[in-house]
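Reader: Could you walk me through how the labels on this model were reached? I would like to see the reasoning behind each one.

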Amino acid sequence: MTEDVMNDDFDSLVTKPTEFIDYNCDINNGFNDLLKSQKFDKLGFNYNVLSILGCQSSGKSSLLNSVFGLDFDVMNTKLGHSQTTKGLWGALVIPKDTGSGNVTIVIDVEGTDSRERGEGRLTFEHRSALLCLAISDCVVINLWYHSLGNLTGSNYGLLKTVVEANLELAEASENTLASGDYKTVLCFCIRDWFPELAPLETVRQKVVNEYMLGIWNDINKPDKFKNSKLEDIFRFELYGFNHALVHPDEFAKDSSRFRLAWATSISPKSYSRAVPSDGFFYYASNILQTVKDQSHLDIPNQREMLANFRCQEIKGGVLDEMVPSISSMLTDAQSGVMDDFQHRAVELVDVAVGKYLELASRYDKTTSNKIGNELVISVFSKLQPVFDAIISHHCSDLAVRATVRLNEKFAISGKERSPMVGGQKAADVWPKFNMLTDEIKAELYNSLNSHILSCAINYSHESGIQAQSDFDTSAAVDMFNVTFKNEVESVRARHIRALLGQITDLVDSGFKVIGEALLERNVTSDKYWGDVNDLIDRAYSTCLDTMGPCYTGLVPSVQPNEFEYLAFMILLQATKCNLERTESRITDIILERFEQFFQYQEFNGETVPRDWGSYTEEELKQTYTQCKKEALNIVAVLRDCSPPTLEVPAFEVSSLKPNHVLYQELSAGVDSLRATTTSLSDEVLVDTVKACRKRFQEFFRTAQQIQSSSKNGISWKNIPPPFWILLLLCSWNELCSVLRIVFKVQVLIPLIILGFIVVQYFSHLVFGTSADAVFRPFKRQARELAMVGTKWIFKVATSTAAAAVNAGAKTTFLSDDDNDSGKKAEEN
């Protein structure tokens, strides 16, 4: 121990005296530092408190120094009599052998009847006496033998103050006097006494029967003490001490005798005020403050306040000690490796409660258990982040399960016109979409709730401390709801797109039929746009009949006429896209029409290719002009736009909330879709005619070639000589290749000829002249085939040459005719 005074004549260690209460009657925190430095707070109830009262300069400090080996300041008589001890000073007497007795707090009190204090001395005397009686197991009254019988010298006023103060304390207690809780030990130490003056028993009778009993009879006692005896309030002890200067050896023996009596018979086995050592300083501080405030001194209330204060202090210290363990659990929970949260949490709470009860169990059980319950609840509160981390991991698992379950339940398969959802028809599943997702949500939420319940803790300790965890699950539930909602919205959006795709497909498939009508010769604006409007009407009716319930099932909180308006808008949008697509391929459509009209004709109800060989040159020109005009007429049909005849459903777009799944689509409106403008402007038309002109001319030239070939026949004489020269030059490599092949087979040809001769010879040898009749048809057929092949070659060559010769003569007609057609197309 630090700052201990070793004394070989004593079997204890002592500390240097420290100021406990200063001169202004304020408690000194330095005394608490002394207690902490000596680990006084670890003693529990194994300590006692002894204080001494007496007149100023009566040798109180000297007596304590002699009895306990302390070092309180004492008066130097050579310098005169004056006040030495100011306020209250204390020191610790600590047994060397911890098992031989309790630690004692020895308090040296400022002397009474002080001239230096003046008129304020009575106030200080009352406060110090009341404080000493409230906190001390034993109060020593220091009396001089030769002063017995004197009013002032015998401390009569001090004794009266002590009795009145002790009655005040006893009255403040809820305990009965018979319990002995407040039977304070009054130990009278008679100074300058020796047996020859008077027996101690005689002195005892004098002090107890005359002084104390007289004071008891003279004071006004509370009603509860009217019939009480003096012995019910005090336990009296009396010891005589020889003259310290005249008989120092005898005085030392008397001091040793009192010290032994204190250790063996006077001091209680434990602190009689039932205040644990760690709360002593706070208890004394509260008592002093109550006395100074002249408030009613309620000792039980003071104990309860002390118990509450200390238990709260202990609880805070235990919570601080639990922080590393909680941090470790949080790390494990965040990494997803904690499967035994409930077990580890209970172990943690057990450790916290054990540490708490080590100190708090010394105080009032009701108070310590109440704050113990608060401790457990505080530990649960600090475990909230751990709980959140565990539930967060579980919510992530639930999100994966939600994705799997939703994909299994709402997997889209099959064709666009007849899709299947989860193995069932989409028309049967979509109306129940919200109901089915709610079922999946309920299933997953039950799993979440089961996991939350598995983390709940109902803690109970054998000491009576018990509490139930009340983890905040709102964050976990919110996380689950948001996660599941996101998964559902993703699936919902995918199915809504599929539903809208079906609506669009109604128009797309209809336009395939309408597109075929554009190739018909008798197509008109009224017929074409009438078909378009009829398609919109039929698709709209189909939507309302078959897809309305699907939309209601897919979209939550559908407004009146919402689907009707959406279906109308989607149909118009699909129609506009198809019309733009048709206009974008206007060149292909014109060319297909021209090819169909020019190359084919109706014959007996069937479409057959034209026989240009039977047409005259004038008929060919007329057919070309007429087909070109009819092909270009489609431009006027497409430009003559007709708005939809279907009435727009009444719907307030402003009634939609911004979080609506189709808010952007519905907010676009239908005004722009009902516009009657077309992309076929005059500039586009001119470019289209230019692009088609070359193809028209190619068809016409091909027809002319076929016509010329059929009229001129096959004659090599009609082929000009320059063409033969050109043909020879262009085909020189091919001729050489043929000749090389012939020369390469010069062995094969003789073998074939030889084989023919051998067969003919042996046939004549065997069959005679009848063999000629057998070979003659074969020879004739071979000659005919050779002649036909030669004629075909000459026919192709002469027809090609004739077409080339006549091409220049026809170019002027095509140019003039195409210019006229361009002007007519521009006018249309």
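Author: Happily; what follows takes a few labels in turn and sets each value against its cut-off. Bear in mind that this is a predicted model.

Reader: Let's start with a pair of helices. What makes α11 and α14 roughly parallel or roughly antiparallel?

Author: Helix α11 covers residues 384-409 and helix α14 residues 474-517, and the two pack at an angle of about 20° with their axes 10 Å apart. Angles under 35 degrees count as roughly parallel, so α11 is roughly parallel to α14. The crossing of α11 past α14 is right-handed.

Reader: Which residues of α11 and α14 make the contact?

Author: From α11 they include Ile391, Cys395, Leu398 and Leu406, and from α14 they include Met479, Phe480, Phe484 and Val491. The contact residues of the pair divide into 12 nonpolar, 4 polar and 2 charged. Among the residues in the contact are also Glu487 and Arg494 of α14.

Reader: Now the cysteines. How do you know whether Cys187 is in a disulfide or in none?

Author: The nearest cysteine sulfur to that of Cys187 belongs to Cys189 and is 4.4 Å away. A disulfide needs the two sulfur atoms within 2.5 Å, so Cys187 is in no disulfide. Searching the whole structure gives 0 disulfides.

Reader: And why is Cys187 called buried?

Author: Buried means under 20% relative accessible area, and Cys187 has 0%, so it counts as buried. Cys455 has a relative accessible area of 4%, so Cys455 is buried too.

Reader: Two asparagines next. Is Asn369 buried or exposed, and why?

Author: Asn369 has 13% relative accessibility, and the cut-off for buried is under 20%, so Asn369 counts as buried. Asn369 lies in helix α10, residues 365-382. Beyond its neighbours within four places in sequence, Asn369 is in contact with Ser463, Gly464 and Ile465.

Reader: What makes Asn209 partly exposed?

Author: Its relative accessible area is 38%. Buried ends at 20% and exposed begins over 50%, so Asn209 falls in between and is partly exposed. Asn209 is found in helix α5, residues 200-218, and leaving aside neighbours within four places in sequence, Asn209 is in contact with Arg204 and Gly214.

Reader: One last helix: what do the buried residues of α6 pack against?

Author: The buried residues of α6, which spans 248-266, include Phe251, Phe258, Trp262 and Ile266, along with Asp254 and Arg259. The buried residues of α6 pack against helix α2 (60-68) and against strands including β4 (47-54), β6 (103-109) and β9 (234-240).

Conventions. Residues are numbered from 1 along each chain as its sequence is written. This is a predicted model: local features need pLDDT of at least 70, side-chain atom pairs count only at pLDDT 80 or more; totals for chains, interfaces and linings use all residues. Side-chain values use heavy atoms; hydrogens and water are left out. Axes are lines fitted to C-alpha atoms, for helices over the stretch in contact, and angles run from 0 to 180 degrees between N-to-C directions. Helices (H or I, at least four residues) and strands (E, at least two) are DSSP runs, numbered from the N terminus. Angles under 35 degrees count as roughly parallel, over 145 as roughly antiparallel, 65 to 115 as roughly perpendicular and the rest as oblique. A crossing is left-handed if the near helix is turned anticlockwise from the far one by less than a right angle, and right-handed if clockwise. Contact means heavy atoms within 4.5 Å. Ala, Val, Leu, Ile, Met, Phe, Trp, Tyr, Cys and Pro count as nonpolar, Asp, Glu, Lys and Arg as charged, and the others, Gly among them, as polar. Buried means under 20% relative accessible area, exposed over 50%, partly exposed in between (1.4 Å probe, protein chains only).
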